[in-house]
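Okay, thanks for coming, everyone. I'd like to walk you through one protein today, so let me put it up on the screen.

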Amino acid sequence: MLIDKPVGWTSHDVVAAVRRQLGTRSVGHAGTLDPFATGLLVVLIGRATRLARFVEAGEKGYEATVRFGIATDTDDSAGTPTMTVEPDAWPTREALEQAAASLEGVQSQRPPAYSAKHVGGTRAYVLARAGETVDLAPVDVMVHRLQLGEWTPPTLMMHATVGRGTYIRALARDLGSRVGLPAHCATLRRTSIGPFSVADAVTPDEISLAALRTPAEMVAMLPQVRLDAAAVRDVGFGRSVPQQDAQEGHAALLAEDGRLLAVAGAVNGRWQPEVVLEPAA
């Protein structure tokens, strides 16, 4: 199910709403959205919750507003200002475009102190809220594209397409650093994850069985392999089946009627099931 998360809701709030509306406890989501952010949250139900890692692997698209001149302790508008600068002249668009271009590609990014990263078994945001100094080590992330929109100093609109684990809050902070100013992410909206668009999402008020998508649709980005009856039985027992053509990576294994049976990885010319949705009885 694709849901357009409202501002102020946590991702868990959305999961709780789905549980109430559909009457099931087995609900999860792919890719957390902070409460200040809006946009696409992919919610998975029942056995399909095990497909989360394949959904999360897709590129993510965001629309963000960057506020230059103010840094916050969370790198977003929900935090407390830690530095304010009113420059004699704001950066030119050309300077911002150069800075944005320097942030594309593989980047060593320092996660925000208020993040879900673990420090000694404790979430970083828990330590930060307790007043402890949190200094997270940089991690490599991928910024596929960073395109600038309207620049009305001190506010910049931008569109980012990034890989898994990239913090847009940190991207806004680092964009400011590249032009010598403090900055934070003022607004954030996730517009896409892989092939899924927020334009096709429902609001929490529209959660219903009619809004459910099939498990096969949730892994539509993977190559699809139709199995015969013998292979269907083998996959149900978690046994590998031969590939028709040599392929790498993962594939969605489907029954003749299009039902998703499993997601499998390529191993020595065979498909080895990693997530089986219809185990043999």
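**A walk around the model**

Let me start with one pair: Pro 242 has Arg 270 as its bridge partner, and Arg 270 sits in E18. Keep in mind that what you see is a predicted model. That pair belongs to the antiparallel pairing of E15 with strand E18, residues 270-276, which runs over 2 bridges.

So which order do the strands of this open sheet come in? Reading across, it goes E14-E16-E17-E18-E15, 5 strands with mixed pairing. The edges are strand E14 (224-226) and strand E15 (241-242), and each has a single partner strand, so one side of each is left without a neighbour in the sheet. As a reminder, strands in a sheet pair through backbone hydrogen bonds, either parallel or antiparallel.

While we're here, look at the loop between strand E17 (260-267) and E18, where you'll find Asn 268. Its phi is positive, near 50°, and this is a residue other than glycine. For background, most residues other than glycine have a negative phi, and most peptide bonds are trans. Is Asn 268 buried or exposed? Asn 268 counts as exposed, because its relative accessibility is 78%, and the cut-off for that is over 50%.

Okay, let me zoom out. The protein has 281 residues, and 47% of them count as buried. In secondary structure we get 7 helices and 18 strands. The C-alpha trace spans about 75 × 40 × 40 Å along its principal axes. If you take the contacts with a separation of 6 or more, 66% come from residues 24 or more positions apart. For the surface people: about 13,700 Å² is exposed, with carbon and sulfur atoms supplying 49% of it. And on charge, there are 27 positive and 31 negative ones, with their mean positions 7 Å apart.

Now back to the start of the chain, and helix H1, residues 11-22. Its 12 residues should span 16 Å at 1.5 Å a residue, and the end C-alpha atoms are 17 Å apart, which agrees. The buried residues of H1 include Val 14, Val 15 and Val 18, and also Arg 19. What do the buried residues of H1 pack against? The answer is strand E1 (2-5), strand E2 (27-30) and strand E3 (38-45). Just after H1 comes Gly 23, with a positive phi of about 70°.

Next stop, strand E4, residues 60-68. Here 7 of the 9 residues are buried, so E4 is largely enclosed by the rest of the structure. E4 pairs in the antiparallel sense with strand E11, residues 155-162, over 8 bridges. E4 also pairs in the antiparallel sense with strand E12, residues 183-193, over 9 bridges. Glu 63 is a handy residue to click on: its bridge partner in E11 is His 159, and in E12 it is Arg 189.

Helix H5, residues 168-178, links up with this part. H5 is mostly covered, with 9 of its 11 residues buried. Among them are Ile 168, Leu 171 and Leu 175, plus the charged Arg 169, Arg 173 and Asp 174. The buried residues of H5 pack against E4, E10, E11 and E12, as well as helix H3 (93-102) and strand E7 (105-109). After H5 comes Gly 180, and its phi is positive, near 75°.

A few loops before I stop. Between E10 and E11 you'll find Pro 154, and the peptide bond from Pro 153 to Pro 154 is cis, with omega near 10°.

Then there's Asp 75, in the loop between strand E5 (70-72) and strand E6 (81-84). Asp 75 has a positive phi of about 70° although it is not a glycine. Asp 75 is buried, with a relative accessible area of 8%.

Last one: Ala 137, in the loop between helix H4 (124-129) and strand E10 (139-152). Ala 137 counts as exposed, at 53% relative accessibility. How far is its C-alpha atom from that of Gln 109? The two are 28 residues apart along the chain, and their C-alpha atoms are separated by 8.5 Å.

That's my tour. Happy to go back to any of it.

Notes. Residues numbered from 1 in each chain as written. Predicted model: local features only at pLDDT ≥ 70, side-chain atom pairs only at ≥ 80, totals over all residues. Heavy atoms only, no water. Helix = DSSP H or I, 4+ residues; strand = E, 2+ residues; numbered from the N terminus. Buried < 20%, exposed > 50% of the residue type's maximum accessible area, 1.4 Å probe, protein only. Contact = heavy atoms within 4.5 Å. Areas by Shrake-Rupley, 256 points an atom, 1.4 Å probe, with all protein chains shown as cover. Charge placed at Lys NZ, Arg CZ, Asp CG, Glu CD. Expected span 1.5 Å × (residues − 1). Pairing = 2+ DSSP bridges.
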